[in-house]
Amino acid sequence: MDLIEEHNRKYYFFKEITGVAMMVYNKYRPGLLESAYEAAMKYLLEKKSYKVCNQVALPIYWDDVKLEQTYRMDLVINDDIIVELKALSHIDTPHRRQLWNYMNLTHLPYGMLVNFGPDRLYSEWYYRNPVSGEIEKVRLL
């Protein structure tokens with residue numbers, strides 16, 4: 001197996017989750033709230049035997065003290081993929097940083113940003129290096 005094939009196989013789940021998002025986008029079209037897309041994606045991914053939790057609480061700590069602030073991650077799939085959903089005209093850096101912060105706070109290795117925008121479905125895929133903590137954009141080759 002060559003390196004490109006191995007790379008694509010390693011990240012195949014990103015492509016599969018994007019396919020589910022496309023199914024939802026094609027059926028519902030743009031204009032709904034994120035929660036509608038979230039519910040449909042959860043249902044379809046569970047039908048494909050993924051373990052999916054939605055609106056997962058993410059508490060914030062200062063050292064060992066739990067603070068009052070809590071974030072909510074849209075979807076967590078198989079306990080290692082965070083999917084942040086948007087329904088915006090375009091994605092910008094603050095939306096990416098939200099996902100990156102979730103990945104850093106949870107130390108989960110994979111993140112996906114999906115936008116059910118007015119013109120098309122858009123997704124970005126990320127990997128968090130467990131050693132360096134750096135977040136890298138993933139591209140299938």
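In this predicted model, a cluster of aromatic residues makes a good place to start: Y11, F13, F14, Y110, W125 and Y127 are joined to one another through ring pairs. Across the structure, 13 aromatic pairs are found. One of them brings together F13 and F14, whose ring centres lie 4.5 Å apart; because their planes meet at 45 degrees, the pair is classed as tilted. F13 and F14 are both buried.

F14 also takes part in a pair with Y110, and here the arrangement is edge-to-face, with 5.9 Å from centre to centre and 85 degrees between the planes. This contact connects distant parts of the chain, since F14 belongs to helix 2 (residues 12–28) and Y110 to strand 4 (residues 110–116), with the two positions 96 residues apart. The relative accessible area of F14 is 0%, so this residue is buried. Y110 has a relative accessibility of 13% and therefore counts as buried too, the cut-off being under 20%.

A charged side chain joins the picture at Y127, a member of the same cluster. The charged end of K10 is placed over the ring of Y127, at 5.3 Å from the ring centre.

Turning to the surface, a nonpolar patch is formed by W62, V65 and L67, which together offer about 340 Å² of accessible area. Of these residues, L67 can be placed within strand 2, which covers residues 65–77. The relative accessibility of L67 is 37%, so L67 is counted as partly exposed, a class that lies between the 20% limit for buried residues and the 50% limit for exposed ones.

Terms used:
Residues are numbered from 1 along each chain as its sequence is written. This is a predicted model: local features need pLDDT of at least 70, side-chain atom pairs count only at pLDDT 80 or more; totals for chains, interfaces and linings use all residues. Side-chain values use heavy atoms; hydrogens and water are left out. Patches are made of residues with over 30% relative accessible area and no salt bridge: like charges are joined within 9 Å, nonpolar side chains (Val, Leu, Ile, Met, Phe, Trp, Tyr) within 5 Å. Accessible areas come from the Shrake-Rupley method with a 1.4 Å probe; for residues, only the protein chains shown count as cover. A salt bridge is a side-chain nitrogen of Lys or Arg within 4 Å of a carboxyl oxygen of Asp or Glu. Helices (H or I, at least four residues) and strands (E, at least two) are DSSP runs, numbered from the N terminus. Buried means under 20% relative accessible area, exposed over 50%, partly exposed in between (1.4 Å probe, protein chains only). Rings of Phe, Tyr and Trp (its six-membered ring) pair if their centres lie within 6.5 Å; planes under 30 degrees apart count as stacked, over 60 as edge-to-face and the rest as tilted. A charge sits over a ring if NZ of Lys or CZ of Arg is within 6 Å of the ring centre and within 35 degrees of the ring normal.
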